[in-house]
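Me: I'd like to go through this one with you and ask how each label is earned. Bear with me if I keep asking why.

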Amino acid sequence: APGKDAAVKYQVARVSRPITIDAQWDKPAWKKIKAIELTNHMGDKPAHFPKVQAKIGYDPANIYVIWRVEDNYVRAVAAKHQGPVCRDNCVEFFFTPGADTTRGYFNLEMNCGGTMLLNYQVAVGQNVAKLTEEDLAKVEVAHVMPKIVEPEIAKPTVWTVEYRFPIELLAKYMPSAAKPAPGVHWRANLYKCADATSHPHWLTWAKVDRPRPDFHRPEYFVEMEFK
């Protein structure tokens, strides 16, 4: 059944001190935190299947996320936040801050150059609230690639992005949001895409059983438990 994949679950570790946002995957703050790997795909299996990993942590004020992608055919042309970043080499964190996906979800999409799209919507394409520039500025971001990557880099390339998402933003857009704390459960899925590159692909953490690529499927979100 959608969203009931028993093999997929993630325990979000609480960090003892704020994590410095610098896009360094191997720094001590992340060493003991388990990585998620995206091993599923939507559509036909792509000829280019990058290795995509992510780690998530939290403290009382923030959610921390870092991504590492062993990629190829890397491109980023979306220059402004809330632009079409999914057309670039892009990693995406979709989450419902609570156990009930019918209350809505956030989609935080970020290309390899650190440009993001961040919305909240009650249902797919309904009552979509685009976060303001002021709120987007509160999301601290670091990335190792240039903001613009054009022409496409057609050779093996490892890139990372890291961000700190302030928990205070949740309640502004979703008053019923469950704040991270030990024992709290969210539902989520993680994705990687590159829609307008020479080698497009649509990768997922939890399997999404749809005939065509479509990440906006909260019914397939799976459990994240805060420790």
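Me: What makes K172 and D135 a salt bridge?
Reply: The rule asks for a side-chain nitrogen of Lys or Arg within 4 Å of a carboxyl oxygen of Asp or Glu. K172 and D135 come to 2.8 Å, N to O, so the pair qualifies under that rule. Bear in mind that this is a predicted model, where local features need pLDDT of at least 70, side-chain atom pairs count only at pLDDT 80 or more, and totals for chains, interfaces and linings use all residues. Side-chain values use heavy atoms, with hydrogens and water left out, and residues are numbered from 1 along each chain as its sequence is written.

Me: What does the pair of K172 and D135 tie together?
Reply: K172 sits in helix α3 (residues 168-173) and D135 in helix α2 (residues 133-136), so the bridge links parts 37 residues apart in sequence. Helices here are DSSP runs of H or I with at least four residues, strands are runs of E with at least two, and both are numbered from the N terminus.

Me: Why is K172 called exposed, and what is D135 called?
Reply: Buried means under 20% relative accessible area, exposed over 50%, and partly exposed in between (1.4 Å probe, protein chains only). K172 has 52%, so it counts as exposed. D135 has 1%, so it is buried.

Me: How do you know that K192 and D71 form a salt bridge?
Reply: Their closest N and O atoms are 3.3 Å apart. K192 belongs to strand β14 and D71 to strand β5, so this pair connects parts that are 121 residues apart in sequence. K192 is buried at 0% relative accessible area, and D71 is buried too, at 4%.

Me: What about R217 and D214: buried, partly exposed or exposed?
Reply: R217 is at 22%, so it's partly exposed, and D214, at 23%, is also partly exposed. Their side chains meet in a salt bridge at 3.0 Å, N to O. Elsewhere, K9, E223, E225 and K227 are joined into one network by salt bridges that share partners. By this rule the count comes to 14 salt bridges.

Me: What makes strand β9 largely enclosed?
Reply: Six of the six residues of β9 (residues 116-121) are buried, so the rest of the structure largely encloses this strand. M116, L118 and Y120 point one way, while L117, N119 and Q121 point the other way.

Me: How do you know that β9 pairs with β8?
Reply: Two strands pair if DSSP finds at least two bridges between them. Six bridges join β8 (residues 105-111) to β9, antiparallel, so the pairing holds by that rule. On the other partner, β10 (residues 129-130), β9 pairs antiparallel over two bridges. Y120 has F106 as a bridge partner in β8 and A129 in β10.

Me: What is the largest nonpolar core, and which members touch the most others?
Reply: A nonpolar core is a set of buried Ala, Val, Leu, Ile, Met, Phe, Trp, Tyr and Cys residues joined through side-chain atoms within 4.5 Å. The largest has 60 residues, and I56, I63, W67, F93, F165, W205 and M224 touch the most other members. Strand β5 (residues 62-71) gives the largest share, six residues. Another core lies apart from it, with 13 residues, among them F94, C193, F215 and F221.

Me: Why does the radius of gyration agree with a compact globule?
Reply: Taken over C-alpha atoms, the globule rule is 2.2 Å times the number of residues to the power 0.38. For 227 residues that gives a value near 17 Å, and the protein has 16 Å, so the two agree.
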